[in-house]
Amino acid sequence: MNAPAPQAAADDVVLDVRDLKTCFPTPGGRVMAVDGVSIRLRRGRILGLVGESGSGKSVLGLSIMRLLAEPGFIAGGEIRYGDMNLAAVPDEAMRSLRGKRLAMIFQDPMMTLNPVLRIETQMVEAILAHEDVSREEARRRSRDALGQVGIPSPEERLRAYPHQFSGGMRQRVSMAIALLHRPDVIIADEPTTALDVTIQSQILSEVQSLVERFHTALIWITHDLSVVSRLADDIAVMYAGRIVELGAVDNVVNRPSHPYTAGLINSLPSRNRRGSRLQQIPGMTPNLLNLPQGCAFRTRCGRADDACIREPALLEGPTSFRRCFHPLEGSLEGPLEGPLEGVDA
Amino acid sequence: MSPTPQAPTAAPEPARERPTRPLVEVALAYCHSWLAVLALVVLVAVVLVAILAPWISPQNPYDLTVIDIMEGRLPPGSEAYGGGVYILGTDDQGRDMLSAIFYGLRISLMVGLGAALIAATVGTSLGLIAAYAGGRVEAAIMRLVDLQLSIPSILVALMILAVLGKGIVNVMIALILVEWALYARTARGSALVERNKEYVEAAQCLVLPQYRIMFRHILPNCLPPIIVITTIQVARAIALEATLSFLGLGVPVTEPSLGLLISNGYQHMLSGNFWISFYPGIALLITVASINIVGDQLRDVLNPRHHR
Amino acid sequence: MTVWIANRLMQAFGVVLVMTLIVFLAVNVIGDPIEMLISPEADQMERQRIIALFGLDQPLWRQYLAFLKGAVQGDLGRSFVYGEPALKVIFQRLPATLELAVSASLISVAVGLPLGLIAGLYPRRGFSKAIMATSILGFSLPSFWVGLLLIMVFAVYLGWLPSSGRGETVEVLGMHLSFLTLDGLRHLALPAINLAIFNTAVILRLTRAGVSEVMPQEYIRFARAKGVSERRVIGIHVLKNIMIPVVTVIGLEFGALIAFSVITESIFAWPGIGKLIIDSINVLDRPMMVAYLMLVVTLFVTVNLVIDILYMLLDPRVSADGKD
């Protein structure tokens, strides 16, 4: 079944997530890994999804792709893509969308590719899963795709096995596979976390140029603010399954409104002066089974008070959307020089 | 109402739990599977039957004064001449099958358990020695272990019995020689891990004699996997003894184990008197299966990686 | 690579040699060969003759060397019972056992692999738990007991299949094979199933363990993210990853099948080498015992060696570097 290309909306929104909730039943109770998240992804734009472990960012990506492992399930909300709600389409329809219109790249390049199958096999099957072309044609396209992501001598590389590639190369292969059908949306779940810093920047540039070329919408999931500040157009910050701040990258990074965002930025080593103590956010990431009442960040926030026992809503502010009763106004202390340091340009 | 700023509070600490004793934890984890609990109950019952056989059997099947060949080959449920009922029928000599099974269970369990325990002692000791001594001694022992483990148990047993002849003692020797290797390998594996731990270094600093370190200190920590494989080894020993007896190479006719009972009854199966062979077979099945299920669950519980 | 193979060959050879020593010592030292070989009624002349014939008056090491020499030439002694070279008798009966072992191997894969796959793919369902519980039975039950059960149900009660013996055979390449005739298949059915049960349980559990280990892996998720059909995910991605250990086990277990055929052949009166060895032990036909043990051990060592080599070749993580 071929998925129809989505109608271009007035402001070219390609993916519209509305109040998505994802639940994991555990022996200790129900965990809402994603608790009412709404984001809109526009064609050709890169959205950085930032948060610590357990914030729900990976689960959000998996929910959109409907790749949740049991016993997780989508408990509410919609994922509008074109005229479809991805949260509700039947499995077979979803399968035909995956890889073709929506693609995903994972974190660990070592384990993303099947170790006992050749690269060729794994790429050709991705093509043949959606199009009825000949093997040779599929092979040719795979070879070209490898060349496009900057892999030298693609013809030989096709016959190789994953373990014969370096980490950076493997991740490029994953990207090549993701781009095979020129999808509308790519979700990248911490794709450079496991790579060296130098390789990281190469991949980042590569991604930027590919996104510009093909006008793909990209969700880049990471815990590393410095990476995403260089790459993304917009940033969404997640905490305990909810978005606490959402806005254009410059605004969020240079003029954060939510105390958590400010905390994240302040704790980056590059933002701190040599010799002075590194700043930290006090406390620990919350246990999702035992969230504080009201604002989930309340127990770690220096600005919290009795008002925060009520749950704040995500409201529009002067620079970004934020979920806080006491948002920061104005810019951060300290010299501001545009994008954060941490990754060499 | 103006909000008063509060100092940030750290996340509340979880309530302190009382530490549970490891034995209790193991027991609780074990009970997660109803099948395993059932198997344990059955196993305990079997063992009790075997121990109490002389007292709970309706008849002593090996007392020639009590058996009457005229009562032979009666189907289950038949009435006995002197009153009472042969619940499981009689065999061709007139013995009550239920009693024969109880006594047979005794022999089977004795031989199986005895052989497994002796093999455990011998094998574990050799494994510990190998791990602790290292070098040539270890290489020699482990070579032997590999050799013995690569040959199917039945073949080893056959070879030994071919040479030594039949009889309970020879069967036990054969069983011990079949089973020791797995114990040795397991013990050595555990001991190698333990040997590098600090408490051994500490003991060595106190200049304790080698064997004392080995047996008093290292051994207790190697016990969990040994316990697990003991259950399975016992089951294997019982099954192997039954097989050997069935083939006529095992225990003598005067003290038949379940295997021999099955063998004796085999020729009567084709003429329709199936119970002479069948019920001892069921008894064997129940015994071996319950031991295996218990061992399986124990392994899942005691092995930290197995959480299915 | 070739160095490694040569190494393994040497090891294998060493093992066989050690076995010959053990077997020889066991058979000829423990117990009195003279008493074993000579009937009590033989007179003095007869005794001398036999002693000379079998070299029993020679020092032990000479006997061993003579034995080795004979072994290399393929002569492992003459059977007391059959009066012919032991090896010849064994080879005559080998096809029957091989037929049984191969059939059992095929059955155990055909049943064990799919069931293990199902149990691994749907671990929490009732039928999966039932399959696993049954598999415990499969390797707990002594195979002779299962054989009896099969005979009782299928031969005595239902009368569908014969309870003993081998069916009609067809000669192929000098060997007599019975699976090519319908009658042969009928006779083969029960013994093959009996022999297969233990192996089926092993393969089943191994497959299931493999599947439950592979399924949560990231590459399976990635395959789904590509939009690959679930059938292909399981049939290619999962299966290829578990095949290597499974194939290894199938190969290794083949040797065990040959050994365990001893039991099955006794119950079903199947005229293979298993029954031969039991009979030989009971009548103390020494040369036959020696020949059987030597043959089986050699077979075993060879199979293990082949499997080791195959494993090296099959796993791309190991071999691809060598190949390219």
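Here are some short exercises with worked solutions on the model above, which is a predicted one.

**Exercise 1. The order of an open sheet**

Work out in which order the strands of the open sheet of 4 strands in chain A stand, and which strands are at the edges.

*Solution.* Start with the pairs.
- Strand E1 (residues 13–26) of chain A is joined to strand E4 (residues 73–81) of chain A by 6 bridges, and the two run antiparallel.
- E1(A) also pairs with E2(A), again in the antiparallel sense, over 11 bridges.
- Now put the strands in a row: the order is E2-E1-E4-E5 in chain A, with antiparallel pairing.
- Strand E2 (29–42) and strand E5 (84–85) of chain A each have a single partner strand, so they stand at the edges and one side of each has no neighbour in the sheet.

**Exercise 2. Partners along E1**

Find which residues stand opposite A:Asp16, A:Lys21 and A:Val13, and say how many residues lie between E1(A) and E2(A).

*Solution.* Take one neighbouring strand at a time.
- On the E4(A) side, A:Asp16 has A:Arg80 as its bridge partner.
- Also in E4(A), A:Gly76 is the residue opposite A:Lys21.
- On the E2(A) side, A:Val13 is bridged to A:Arg42.
- Finally, follow the chain from E1(A) to E2(A): 2 residues lie between the strands, and together the strands form a hairpin.

**Exercise 3. Is A:Asn85 buried or exposed?**

Decide whether A:Asn85 is buried or exposed, and list what it touches beyond four places in sequence.

*Solution.* First locate the residue: A:Asn85 sits in strand E5 of chain A. Next, compare its relative accessibility with the cut-off. Buried means under 20%, and A:Asn85 has 17%, so it counts as buried. Then look at its contacts: leaving out residues up to four places away in sequence, A:Asn85 touches A:Gly77, A:Glu78, A:Ile79 and A:Arg80.

**Exercise 4. The two sides of E6**

Sort the residues of strand E6 (residues 102–105) of chain A by the way they point, and find the bridge partner of A:Ile105.

*Solution.* Keep one rule in mind: in a regular strand, side chains alternate between the two faces of the sheet. In E6(A), A:Leu102 and A:Met104 point one way, A:Ala103 and A:Ile105 point the other way, and all are buried. For the pairing, E6(A) runs parallel to E7(A), and 4 bridges join them. Within E7(A), the partner of A:Ile105 is A:Ala188.

**Exercise 5. The largest cavity**

Describe the size of the largest cavity, the elements around it and the character of its lining.

*Solution.* Begin with the count.
- There are 9 cavities of 30 Å³ or more in the structure.
- The largest holds about 130 Å³ of space.
- Its lining has 14 residues, of which A:Ile105, A:Met175, A:Ile186, A:Val207 and A:Leu218 are the closest to the centre.
- Two or more lining residues come from each of helix H7 (167–179), strand E7 (185–189), helix H8 (197–214) and strand E8 (217–222) of chain A.
- H8(A) gives the largest share, with 4 residues.
- To finish, sort the lining by character: 12 residues are nonpolar, 2 are polar and none is charged.

**Exercise 6. The cover on helix H1**

How many of the 9 residues of H1(A) are buried?

*Solution.* The helix is mostly covered, with 8 of its 9 residues buried. Among them are A:Val59, A:Leu60, A:Leu62 and A:Ile64. Just past the end of H1(A), A:Arg66 has a positive phi of about 55 degrees.

Methods
Residues numbered from 1 in each chain as written. Chains lettered and ligands numbered in written order. Predicted model: local features only at pLDDT ≥ 70, side-chain atom pairs only at ≥ 80, totals over all residues. Heavy atoms only, no water. Pairing = 2+ DSSP bridges. 1 Å grid on protein atoms, 1.4 Å probe; cavity = no way out; pocket = protein on both sides within 12 Å on 5 of 7 lines; lining within 4 Å. Points joined across faces, edges and corners; volume = space filled by probe spheres on them. Nonpolar A, V, L, I, M, F, W, Y, C, P; charged D, E, K, R; others polar. Buried < 20%, exposed > 50% of the residue type's maximum accessible area, 1.4 Å probe, protein only. Contact = heavy atoms within 4.5 Å.
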